[in-house]
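Here are a few exercises to work through with the model open beside you. Try each task before you read its solution.

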Amino acid sequence: MSDLQSNYAERFEREMGCTEAEWLGWLPAAMGDCVWRRDGQRATVEVPPGTLSLRWETCPPRVIALMRMPVLQVRFAFSGLDAAQRYTFMRRFDLYMQRGGG
């Protein structure tokens with residue numbers, strides 16, 4: 001059974017349980033063959049026939065008892081892609097970014 005979304009809006013935000021360094025380490029492979037450019041805490045991804053703009057910021061860690069989990073707030077903004085094209089890109093992205101769990 002998959003926990004992946006069935007559709008993706010043109011703009012959305014999500015919290016990632018990782019550090020910025022981890023995010024930047026995973027990002028190239030999650031993009032697949034898409035060309036992308038980073039500018040600080042932003043990236044522009046060419047997802048033919050459109051683009052994806054990413055912005056991220058480090059948030060205070062989530063603390064549960066003695067556990068501290070890093071939190072990265074990521075904003076996704078697609079332009080020029082229909083729902084099927086967004087889904088195709090994000091399915092790969094989400095499958096690559098999945099970590100652990102059950």
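## Warm-up

Buried residues, meaning those under 20% relative accessible area (exposed is over 50%, partly exposed in between; 1.4 Å probe, protein chains only), make up 32% of the 102 residues in the protein. Please keep in mind that this is a predicted model, in which local features need pLDDT of at least 70, side-chain atom pairs count only at pLDDT 80 or more, and totals for chains, interfaces and linings use all residues. Residues are numbered from 1 along each chain as its sequence is written, and side-chain values use heavy atoms, with hydrogens and water left out.

## Exercise 1: the overall layout

Task: work out how many helices and strands the protein has, and what pattern they follow along the sequence.

Solution. Start with the count: the protein contains 2 helices and 5 strands, taken as DSSP runs (helices H or I, at least four residues; strands E, at least two) numbered from the N terminus. Next, read along the sequence, and the pattern is β-α-β-β-β-β-α. Then turn to the dimensions: along the principal axes, the C-alpha atoms fill a box of roughly 45 × 35 × 20 Å. The radius of gyration is 14 Å, which agrees with the value near 13 Å for a compact globule of 102 residues; it is taken over C-alpha atoms, and the globule rule is 2.2 Å times the number of residues to the power 0.38. Finally, look at the contacts (heavy atoms within 4.5 Å): of those with a separation of 6 or more, 57% join residues 24 or more positions apart.

## Exercise 2: salt bridges to helix α2

Task: find which residues pair with Arg-86 and Asp-94 in salt bridges.

Solution. A salt bridge here is a side-chain nitrogen of Lys or Arg within 4 Å of a carboxyl oxygen of Asp or Glu, and the structure holds 6 of them. For Arg-86, the partner is Glu-10, with the closest N and O atoms 4.0 Å apart. This pair links distant parts of the chain, 76 residues apart: Glu-10 is in the segment before β1 (11–16), and Arg-86 is in helix α2 (residues 83–97). Glu-10 counts as partly exposed because its relative accessibility is 44%, whereas Arg-86, at 10%, counts as buried.

For Asp-94, the partner is Arg-14, at 2.5 Å from N to O. Here strand β1 holds Arg-14 and helix α2 holds Asp-94, 80 residues apart. Arg-14 is buried at 17% relative accessible area, and Asp-94 is buried at 9%.

## Exercise 3: a bridge between strands

Task: is Arg-62, which forms a salt bridge with Glu-15, buried or partly exposed?

Solution. First locate the pair: the closest N and O atoms of Arg-62 and Glu-15 are 2.6 Å apart. Arg-62 lies in strand β4 (residues 50–64) and Glu-15 in strand β1, so the bridge ties together parts 47 residues apart in sequence. Then check the areas: Arg-62 has 37% and is partly exposed, while Glu-15 has 44% and is partly exposed.

## Exercise 4: around Gln-73

Task: describe what surrounds Gln-73.

Solution. Begin with its place: Gln-73 is in strand β5 (residues 67–79) and counts as buried, at 12% relative accessibility. Leaving aside neighbours within four places in sequence, its contacts include Arg-55, Trp-56 and Cys-59. Glu-13 and Glu-57 are also among them, and these two are linked with Arg-75 in a network of salt bridges.
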